[in-house]
Amino acid sequence: MAEQVLIQFRADKALKQEVAEIYERLGMDLPTAFRMFMTKSKMVRGLPFEATLPEEMITIIEEAGEG
């Protein structure tokens, strides 16, 4: 088995609880879900979901660049 390390980060308490409940309904805990996230990130060599700016954010950025 590979050497294990501890990863810590801060998150909003309510968000953590809501997400933990979602994963519990799926039959897993947060550490398992986060390991799955990291494994999938490795497989796709990036975020395991689409990450795009909302249209209104793109417009604001484009307008800021015109000035």
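**Exercise 1. Find which helices line the second largest pocket, then describe its lining.**

Step 1. Both α1 (13–25) and α2 (30–44) contribute at least two residues each to the lining of the second largest pocket. Helices here are DSSP runs of H or I with at least four residues, strands are runs of E with at least two, and both are numbered from the N terminus. A pocket is an open set of points on a 1 Å grid over the protein atoms alone, where a 1.4 Å probe fits, with protein on both sides within 12 Å along at least five of seven lines; lining residues have an atom within 4 Å of a point.

Step 2. With 4 residues, α1 gives the largest share of this lining. Among the lining residues are Leu15, Lys16, Val19 and Tyr23, along with Leu30 and Phe34.

Step 3. Sorted by class, the lining holds 8 nonpolar, 1 polar and 2 charged residues. Ala, Val, Leu, Ile, Met, Phe, Trp, Tyr, Cys and Pro count as nonpolar, Asp, Glu, Lys and Arg as charged, and the others, Gly among them, as polar.

Before going on, a word on the model: it is predicted, local features need pLDDT of at least 70, side-chain atom pairs count only at pLDDT 80 or more, and totals for chains, interfaces and linings use all residues. Residues are numbered from 1 along each chain as its sequence is written, and side-chain values use heavy atoms, with hydrogens and water left out.

**Exercise 2. Describe the largest pocket.**

Step 1. Its volume is about 450 Å³, where a volume is the space filled by probe spheres set on the grid points, joined across faces, edges and corners.

Step 2. Of the 14 lining residues, Val5, Ile7, Pro31, Arg35 and Met38 lie nearest the centre of the largest pocket.

Step 3. The classes in this lining are 11 nonpolar, 1 polar and 2 charged.

**Exercise 3. Classify the ring pair Phe37 and Phe49, and the exposure of each residue.**

Step 1. The protein has 2 aromatic pairs. Rings of Phe, Tyr and Trp (its six-membered ring) pair if their centres lie within 6.5 Å; planes under 30 degrees apart are stacked, over 60 edge-to-face, and the rest tilted.

Step 2. The centres of Phe37 and Phe49 are 6.2 Å apart and the planes stand at 40°, so this pair is tilted. It joins distant parts of the chain, 12 residues apart: Phe37 lies in helix α2, and Phe49 in the loop between α2 and α3 (55–66).

Step 3. Phe37 has 36% relative accessibility, so it is partly exposed. Phe49, at 48%, is also partly exposed. Buried means under 20% relative accessible area, exposed over 50%, and partly exposed in between (1.4 Å probe, protein chains only).
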